[in-house]
Amino acid sequence: MKYILMMNCPKTGYDTFGAMPKKDLQAHIAFQKGLDKSLRESGELVSAEGLADPKQAKLVRAGKNGEPITDGVFPESKEFLAGYWIVDVETAEQAYAIAARASAAPGVGGAPMSIPIEVRQVMSGPPEEFL
């Protein structure tokens with residue numbers, strides 16, 4: 001089963017993260033790279049990506065004749081998606097264990113950040129009852 005593990009951060013998270021001491025930023029990034037490497041070697045990692053600062057985000061809707069209409073930045077948002085992993089595991093519990101590992105990424109002084117990670121199963125299609 002595939003699961004997406006979504007790392008969210010508060011509205012101020014990108015600024016706070018960027019203000020961390022360089023050695024702490026480097027330790028955090030090394031942790032993330034190590035986690036990805038471990039998941040890739042175990043065959044569990046499908047994809048993992050960090051996302052650009054939400055200040056660069058745009059919401060796109062189809063306008064008349066299908067042309068894109070963009071809107072953004074969204075100051076009313078309380079948190080943003082910072083990055084994600086897609087993993088392929090046998091059980092939900094395995095996905096939860098990976099999420100807990102990601103949550104423990106080091107922050108200032110190496111202390112675990114306990115980052116909230118949302119875990120959701122990736123569906124291969126709509127539920128049968130909708131077909």
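Start in the loop between β3 (59-62) and β4 (68-71) and select N65, which is found there. This is a predicted model, so treat each stop as a computed one. Show the backbone torsions: N65 has a positive phi of about 65°, although it is not a glycine. Is N65 buried or exposed? Colour by accessibility and you will find N65 exposed, at 82% relative accessibility.

Next, go to the loop between α3 and β6 (117-121) and pick S114. Here too a residue other than glycine takes a positive value, with phi of S114 near 50°. S114 counts as exposed, its relative accessible area being 55%.

Now select residues 22-42, which make up helix α2. Its 21 residues reach 30 Å from the first C-alpha to the last, close to the 30 Å expected at 1.5 Å a residue. Which residues of α2 are buried? Highlight D24, L25, H28, Q32, L35, D36 and L39. They lie on the same side of α2 because they cover an arc of only 115° around the axis. Turn to the face directed away from that buried side, and you meet the exposed residues K22, K23, K33, R40 and E41.

To see what the buried residues of α2 pack against, add β1 (2-10), α1 (13-18), β2 (45-50), β5 (79-88) and α3 (92-103) to the view. Before leaving the helix, step just past its end to G43, where phi is positive at about 80°.

Stay with α2 for one more residue, and zoom in on H28, which lies in this helix. H28 is buried, with a relative accessible area of 6%. What does H28 touch, leaving out residues up to four places away in sequence? Display F17, A105, P106, M113 and I115, and you have its contacts.

H28 also leads to the last stop, the largest pocket, since you can find it among the residues nearest the centre, together with M7, F17, Q32 and A82. In total, 27 residues line this pocket. Select β1, α1, α2, β2 and β5 to see the elements that each give two or more residues to the lining. If you draw the pocket as a volume, expect about 600 Å³ of space. Finally, colour the lining by class: 16 residues are nonpolar, nine are polar and two are charged.

Notes
Residues numbered from 1 in each chain as written. Predicted model: local features only at pLDDT ≥ 70, side-chain atom pairs only at ≥ 80, totals over all residues. Heavy atoms only, no water. Helix = DSSP H or I, 4+ residues; strand = E, 2+ residues; numbered from the N terminus. Expected span 1.5 Å × (residues − 1). Buried < 20%, exposed > 50% of the residue type's maximum accessible area, 1.4 Å probe, protein only. Arc of directions from axis to C-beta. Contact = heavy atoms within 4.5 Å. 1 Å grid on protein atoms, 1.4 Å probe; cavity = no way out; pocket = protein on both sides within 12 Å on 5 of 7 lines; lining within 4 Å. Points joined across faces, edges and corners; volume = space filled by probe spheres on them. Nonpolar A, V, L, I, M, F, W, Y, C, P; charged D, E, K, R; others polar.
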